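Please open the structure in your viewer and keep the sequence panel beside it, since this tour moves from one selection to the next.

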Amino acid sequence: MGLYYCYYVVLCLVFGLVEKLVNLCKLDVLVDFLESNFGHFIIGLNDTRPKETAPTDSVSKSEVEHLAKMVTFWWDKQGPAKMLHTFYQVRVPLVVEGLAETGRISKADVSKTDSLKGIRILEAGCGGGVLAEDLARLGAYVVGVDPGQEMIYLAKEHVTTHSSKLKDSVEYHAITVEEHARKFAETYDAVVCSEVMEHVDEKESILRACVKCLKPGGSIFITTESKTMLAWFLWIVTAEYILRYIPKNTHFYEKFIKPEAISSILSKYGCQTQRVRGIFYDRPSNSWRFIENQYCNYGLHAVKR
Ligand SMILES: C[S@@+](CC[C@H](N)C(=O)[O-])C[C@H]1O[C@@H](n2cnc3c(N)ncnc32)[C@H](O)[C@@H]1O
């Protein structure tokens, strides 16, 4: 157990206690009032950028434009996005083990190098294609969709020039998940939506579209930050303002979502949550692992009936 993990545990206890006290003393109404009226005085709480009056599906133009600026360093494994390149340590097992648990792949194949052979996956919000390539490398056929034109251009360029062995196993489209779902209902064995929910205001819209694309019995996998003080402190205050390894205004507390809120939306569209796994990012060693505690980052697996 490293020093950084001890620090994380202490923060969990402190912030968890504060949140418990707020709930116990029924101060949540007061906190909600303060958040909505004075939230702009607290860093990273609310997204004060202008909102479109008529957004296209779940897509927020300011979010996509902000993330598009990151294309310059997206594939730099030692650069500001280096955490994305080790994230496979938990994202890949989340998908592979989840598909084995539902019988979509055989349990005996989990540790094979082609464990996802024959599996068709949609990556909703694929960005520059890091996870899409990780999944394709295990034999899956991956379709990546993202509303960011620059991201899709980068993903296509990367697979053609740097991972040419995978070029027949992935395809990318600059399109919203909602638009894709109109043509490709019940097409995929799995839909993966990783590190996207925290950039979306209309969460129900994107989740409904993801579920629509799934075959009955197919799995949806989501990773994101929980809506807790700890996630605000680590991913906004620390990562964006103190250590500055993530550009400012990448995350806003108001957009974080707890696993139970995702489960509740998914169940409305016929999906049953199978498992939620806590995820821990060890910044000093740039490594990821599953932990019991789901208070900051988590991976959720649900299955369509
Ligand atoms: C942090 S990146 C994650 C990329 C990729 N999933 C990964 O983990 O490597 C977030 C991506 O979500 C996309 N995005 C933002 N809003 C979206 C929406 N409403 N629907 C689909 N994708 C969205 C952005 O364009 C961006 O590429």
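Which residue in S2 does Arg120 stand opposite? Select Arg120 and look across to S2, where Tyr141 is the residue standing opposite. Please bear in mind throughout that this is a predicted model.

**The sheet**

Stay with this pair of strands and extend the selection to S1 (residues 120-124) and S2 (residues 141-146), which pair in the parallel sense over five bridges. In general, the strands of a sheet pair through backbone hydrogen bonds, either parallel or antiparallel. Next add S4 (residues 188-194), which runs parallel to S1 and is joined to S1 by three bridges; if you pick Leu122, you will find that its bridge partner in S4 is Val191. While S4 is selected, colour its residues by accessibility: the strand is mostly covered, with seven of its seven residues buried.

From S4, move on to S5 (residues 214-225), which pairs with S4 in the parallel sense over six bridges, and pick out Tyr188, whose bridge partner in S5 is Leu214. To follow the chain between these two strands, select helix H9 (residues 203-213), through which the chain crosses from S4 to S5 in a β-α-β crossover that is right-handed.

Now show the whole sheet, which is open, has eight strands with mixed pairing, and follows the order S3-S2-S1-S4-S5-S8-S6-S7. Its edge strands are S3 (170-174) and S7, each of which pairs on one side only. Neighbouring strands of this sheet are turned against each other by 20° on average, with direction ignored. Add helix H1, which packs on the sheet, touches S6 and S7, and has a direction that makes about 125° with that of S6.

**The cores**

Where are the residues with the most contacts inside the largest nonpolar core? This core has 39 residues, and the ones to select are Tyr8, Trp74, Leu230, Leu234, Trp235 and Trp288. The elements that give two or more residues to this core are helices H1 (3-24), H4 (82-86), H7 and H10 (229-242), together with strands S6 (271-282) and S7 (287-291). H10 gives the most, with nine residues.

Centre the view on Tyr8 and, leaving aside its neighbours within four places in sequence, show its contacts, which are Leu230, Leu234, Ile279, Phe280, Ile291, Asn293 and Cys296. A second, separate core has 29 residues, and you can locate it by selecting Ala181, Ile206, Ile257 and Cys271, which are among them.

**Helix H3**

Turn next to helix H3 (residues 61-68) and select Ser62, Glu63, His66, Leu67 and Ala68, which are buried. The buried residues of H3 pack against helix H7 (149-161), so display that helix alongside.

**The cysteines**

Finally, select the cysteines and show their sulfur atoms. Why is Cys271 not in a disulfide? The closest cysteine sulfur, in Cys210, is 9.5 Å from that of Cys271, which is too far for a bond, and Cys271 counts as buried because its relative accessibility is 0%. Cys296, which you met among the contacts of Tyr8, has its closest cysteine sulfur in Cys12, at 7.3 Å, and this too is too far for a bond. With a relative accessibility of 1%, Cys296 likewise counts as buried. Taking a cut-off of 2.5 Å between sulfur atoms, the count comes to zero disulfides.

Note on methods. Residues numbered from 1 in each chain as written. Predicted model: local features only at pLDDT ≥ 70, side-chain atom pairs only at ≥ 80, totals over all residues. Heavy atoms only, no water. Buried < 20%, exposed > 50% of the residue type's maximum accessible area, 1.4 Å probe, protein only. Helix = DSSP H or I, 4+ residues; strand = E, 2+ residues; numbered from the N terminus. Contact = heavy atoms within 4.5 Å. Core = buried A, V, L, I, M, F, W, Y, C linked by side-chain atoms within 4.5 Å. Pairing = 2+ DSSP bridges. Right-handed = clockwise from strand over helix to strand, strands pointing away. Axes fitted to C-alpha atoms, helices over the stretch in contact; angles between N-to-C directions.
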